[in-house]
Amino acid sequence: MNRPKMATEKGVPSNSRVMMLLGQLERMNGDIVRQAETARQVTAKILHLIQTQEKSGKEVMSKGSSGMEVILASLESTRDVQTILNILSILTELLTVGRGRRVGVFVSKGGTGILFHTLLSASKEMPPSEELMLQLHSLLAKVGPKDRKFGVAARLSGALNVTVNLIKQNLQNPKLLLPCLQVLRVYSTNSVNAISLGKNGVVELLFKVLAPYSKKNTSLLKVALDALGALLKSKTNARRAADGGYVPILLALYADWHRNDARHRHMLIRKGLLVCLRNITNIKLGRKAFVEADGMRVLYNSSTECLPVRTLDPLVNTSSLIMRKCFPKNRLPLPTIKSAFVFQLPHVPGTGPAGRTYSQGPGVDDVVDESDDNDEADTENDTENEEDEKDQQSPNDDIETDLNKLHPRKGPGRPYEELRVYERFFVELSEDFQGFNFESSKSSSNTSLSSPFSSSVAPVRSPPRPIIVPTAQAFSPKHTLSLPGLPKDPQLPPPASASSPPAPLTPLQLDNIHVSKDQEKTEDSHIPTTDRRDRTLSPLGRPPTEAQTIEKDLAHVLERVSLDALDGVLPLDADEAHIGVKQDDVSVTRQIQSPLLLGGLSARRSGGGGSNWSSDCGSEGPEDEAAEGAVLEVPDTALLLPLHDPDLYVEMVKGTLSVPQYAEVAYPDYFGHVAPTFREPLLERVYGVQRAKIFQDIERLIHPNDILDKVVYDLDIPSCPVIEDDGESLKFNSQFESGNLRKAVQVRKFEYDLVLNSDINSNHYHQWFYFEVSGMKVGTTYRFNIINCEKSNSQFNYGMQALMYSVQEAISGSPRWVRTGTDICYYKNHFARSSIAAGGLKGKSYYTLTFSINFKHKDDVCYFAYHYPYTYSTLKMHLSKLEALRTPQIYLRQDVLCETLGGNGCPLLTITAMPESNSNDHICQFRNRPLIFLSARVHPGETNASWVMKGTLEFLMGSSPLANSLRESYIFKIVPMLNPDGVINGNHRCSLSGEDLNRQWQSPNLELHPTIYHTKSLLQYLAHIQRAPLVFCDYHGHSRKKNVFMYGCSVKETVWQSNISATSSDLQEDLAYRALPKILSQIAPAFSMASCSFVVERSKESTARVVVWREIGVQRSYTMESTLCGCDQGKYKGLQIGTRELEEMGAQFCVALLRLKRLTGLRNHQHLLDLESDIIGSQAKVVSSSCPTTYVLDEDEPSFLEAIDYSAESNDEDLEAENERAAEVREHPDLLEQLSDSDNHRE
Ligand SMILES: [Zn+2]
């Protein structure tokens, strides 16, 4: 080593005594061994000076001084114990002051290595000097935490063993033991050291230090626990501890400290014991040992005693974490997780999801596969959200980088002969209006009877023929397109659909329906009889013969009751009903008999279901009979809701075909929903609510005798889903259109576990729910737990509430859905499914959505839903009523695009303005209007998309000048519900084929995905005749983000995000795709430009948006996502979203299209929009963010807001750190955006 020269010139007084002594020491260094006595004296003097004069220390450590080098050089070269002790004392004195910087200097001068070297030398003396070892370890303990290479240096120098041996020899010597343990604690934080120390028996050794409650040696115990906790992070060590029977010991110690530490002076020791338990229980063996040692009870009891003391939260939280982890995983209380309903597909592709679901034998699909964590390497990474982590990585990999794929491919790729059949859906493009009398239509004010363009009576001049779509099996009847006016089979009436109330043989003038109630009654003949043909879709759950019998019975009852409803139960004259109507209040009522619901109900349920009004109302025994036939006053919502008509709704339901063959109508759909005028703010989360819920869950295990476990509703018993009841339980029902609830289990007196049904022909996708509750008591709080949610996080954790509809409220004048529920949270629970059923390598946990309800009315019937329901029958009713809004100036045509797998019609609307006259110019303008193509509701659970669509349709049919010029500007082609079957059957995401239809656009199958196949064909036809739409937009809902926003497609922005090299031509792209969202962000309060994304992802390549962009060549091809929750910007900031806002969004979309027209008429519109700067702005945001996935806007919330409670299985996060992060996020909501995690299932 180069001998450092004493620096005395700069900033250090040359006459300083300490510096003179150091100089003397330096000169001695060459020969320090011989001058032992002098060295002893000099170092003693230096020590004295530093101990007595603060400035001496400062001089040694000051910048420019080489004092530290001299001291270290002396330490390295001397062998004299006393000199070494002196120097160690000097160092201790120096490093005690001004901690950080001085230790940093020490480390940077190689001090740690010299200390280890000294330690090794000293250990070779026999016996080693205790004083020296004490000093050395004290110093090492001080330096270690600041030296990042400490652990490695210790291992390489052989210091680990020296310290361990010292601990072994000094278990009864606390004075030396303490610094040794402190050093061991630092060693153990290095994972390689931890394994090595474990092999050398240190885990067992540390257990010898642990002791029951005592006021003595508490710091020793604390340090030992820290070291042990660090060692137990290694799975090998955890296994060693579990095998060695140490889990019961830790539990006993914890219980002892908990009991005796009455004044909470030793929180850290208690926490240390819990951390050891937490780390051991990361492995399966540890969890098993914990449960066997009655750990659940021990921690539950101690935690409940800690709950009242807020400062003990860290103990409660860690206990809660351990208990959740150890809570034995259960399968769901179901015979199988496959859907309770089966739909027999025309053919089942073995590779498709339905094929996979079918092929799984019974009992395999939902047995929890506990071998998951046998593999140690596997569990090392067993964190809470493994799937999410995978997702988080994928977005970057997910960007489309194939430039060939990024460039829109023109040309439909199909021969015109195949597409020609779609010509008939575009009558307007060839219409010449020669037979139409424009003069007379102008004079007739509000009836359109004279118009030849009423629904399904579109002016097709050549006799209509069935359309055969040429395929390999072209001549199967299944391939016949159901066109209006064309029965597929002369024996059978056509499928029911929006426009099919006009049955072909008795063409119904829908226009008549709205005229008046009286007319409706007298014109029964216009309402076609329900489609009661023998269905091919018999539910496989029961024998077909039985099913058919039931169906016939139901059909019979259905007819009877519908007649009742029309003739007998509407005593009020329509004129009377209109008396005294106030526009702002639903004060007018009319009478209706109970039970309302199509009668099938009472025939089917001997016990009386929830919807059975009479038996629910008078649940006092004999009064039941008295109440039979009672007449209820109900609001006439038709007066406030121009598109709503309860009787028409019932008629529509009759023509709707469901797989379970529903015969009931839910009250909310019957009465309608009048949006409330009050604000519904995002719910603020109560502190600790999740923890409280989890403790209640854990109690089930601790006090099993308190648990009722009484099944009160079960769709798996098809004959009688409603279980007989003594009046002590709520009654549930979900057997109506869009209903979803599979099972209800009464867990405690006022608590119910609810299980949702999988999408038909699948075994998952549970999210949407819609069910009925009755038999409630007032003045008590009910807790509902939906226990088989699948998403790892939910907007229910960020202010969203479920929706409730009270029939009592409806009757008293407030027919509406309201955001309801308190104590809401969403967390991982103890239910799971097997890896096989989950389709992956690991079993998948379920999540609980829990909320509490106080019912306001006795004998109420209430409905709960995930979001505002919007059924297929509602759509048909709305479409029927829209006809009534038509004026002679409006061109409206309703076609049936095709029939779904379930036999329901898929409506297609054409809306534009009639030409001014049949002059050449006017006809030409009419035909050449650009097309706008809109669709919605491919995902059944995204009901908000339908409400937005309703807003669009109502605006388009409106009489405002804006609507007028919009119609004159464009031809609108609209498929308002791409997935009727999914909607009808209460699916969340799929169609009857068990597939996500928005992943089928690349190659839709005619048989399995008819609505997608034909919608795509329409677009291909348009592309072929050079009339590709100006705008394509598919309306969706988003469950994990706030606001309304759009996804589009841009080569440029995709290239930017992916860093692939691209030629400049790739970057020359018209910015037109940004115009529409930009306009929306200016005029629609719920719309947020910041949430939009224009990146093309590989995982989305078969969505409507990407396919229409790439294959049809529509530059403005969008997915519009509306939040299910609420807004965090704009006028609605802090509020949950309602139907009013959603419908407004749909209307604003129309207004934006009008502005778009104005802009596209201008040459420099890009300049006006300032789009380029927008993009640059968003680019900058991406760059400035440290999170590489910012651009993926699928999620806007972090996984762990309430981190402690939430991450049941995160094994290595420091809880306090997690807390801080969560608090940080709360203070800086912007972080939420950056912490976004992704979810491939959206869109
Ligand atoms: Zn969607």
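Which residue stands opposite Val-975 in β17? In this predicted model, the residue that stands opposite Val-975 of β17 is Ser-935, and this pair offers a convenient point of entry into the sheet to which the strand belongs. Strand β16, which covers residues 931-936, pairs with β17 in the parallel sense, and five bridges are found between the two strands. Strand β15, made up of residues 905-913, also pairs with β17, but here the sense is antiparallel and the pairing extends over three bridges. Within β17, Phe-972 has Ile-911 standing opposite.

The surroundings of β17 were examined next. This strand consists of residues 971-975, and five of the five are buried, so the strand is largely enclosed by the rest of the structure. The cover extends to both faces of β17, since Ile-971, Lys-973 and Val-975 on one side are buried, as are Phe-972 and Ile-974 on the other.

The wider arrangement is an open sheet of seven strands with mixed pairing, in which the order of the strands is β14-β15-β17-β16-β18-β20-β19. The edges of the sheet are occupied by β14 (890-899) and β19 (1044-1047), and because each of them has a single partner strand, one side of each is left without a neighbour in the sheet. When direction is ignored, neighbouring strands of this sheet are turned against each other by 20° on average. Another pairing within the sheet is that of strand β18 (residues 1031-1038) with strand β20 (residues 1116-1123), which run parallel and are joined by eight bridges. In this pairing, Gly-1037 stands opposite Ser-1122 of β20.

Helices are also found against the sheet. Helix α40, formed by residues 943-956, packs on the sheet and touches β15, β16, β17, β18 and β20, while its direction makes about 140° with that of β18. Helix α46, formed by residues 1072-1083, lies across β18, β19 and β20, and it runs at about 30° to β20.

The cysteines were considered separately. The structure holds zero disulfides. Cys-898 is accordingly in no disulfide, and the nearest cysteine sulfur, which belongs to Cys-906, is 4.9 Å away; because a disulfide requires the two sulfur atoms to be within 2.5 Å, this pair does not qualify. Cys-898 has a relative accessible area of 1% and is buried. Cys-1033 likewise counts as buried, because its relative accessibility is 0% and the limit for this class is under 20%.

Elsewhere in the chain, two helices pack against each other, namely α2 (residues 36-52) and α3 (residues 54-61), with an angle of about 115° and with axes that are 5 Å apart. The angle therefore makes α2 roughly perpendicular to α3. On the side of α2, the contact is made by Leu-49, Ile-50 and Thr-52, and on the side of α3 by Glu-54, Ser-56, Gly-57 and Val-60. Taken by type, the residues of the contact of α2 with α3 divide into three nonpolar, three polar and one charged.

A final description concerns Gln-344, which has its place in the loop between α20 (313-326) and α21 (353-359). With a relative accessible area of 45%, Gln-344 is partly exposed, because this value lies between the limit of 20% for buried residues and that of 50% for exposed ones. Although Gln-344 and Gly-902 are 558 residues apart along the chain, their C-alpha atoms are separated by 9.8 Å.

Key
Residues numbered from 1 in each chain as written. Predicted model: local features only at pLDDT ≥ 70, side-chain atom pairs only at ≥ 80, totals over all residues. Heavy atoms only, no water. Axes fitted to C-alpha atoms, helices over the stretch in contact; angles between N-to-C directions. Helix = DSSP H or I, 4+ residues; strand = E, 2+ residues; numbered from the N terminus. Parallel < 35°, antiparallel > 145°, perpendicular 65-115°, else oblique. Contact = heavy atoms within 4.5 Å. Nonpolar A, V, L, I, M, F, W, Y, C, P; charged D, E, K, R; others polar. Buried < 20%, exposed > 50% of the residue type's maximum accessible area, 1.4 Å probe, protein only. Pairing = 2+ DSSP bridges.
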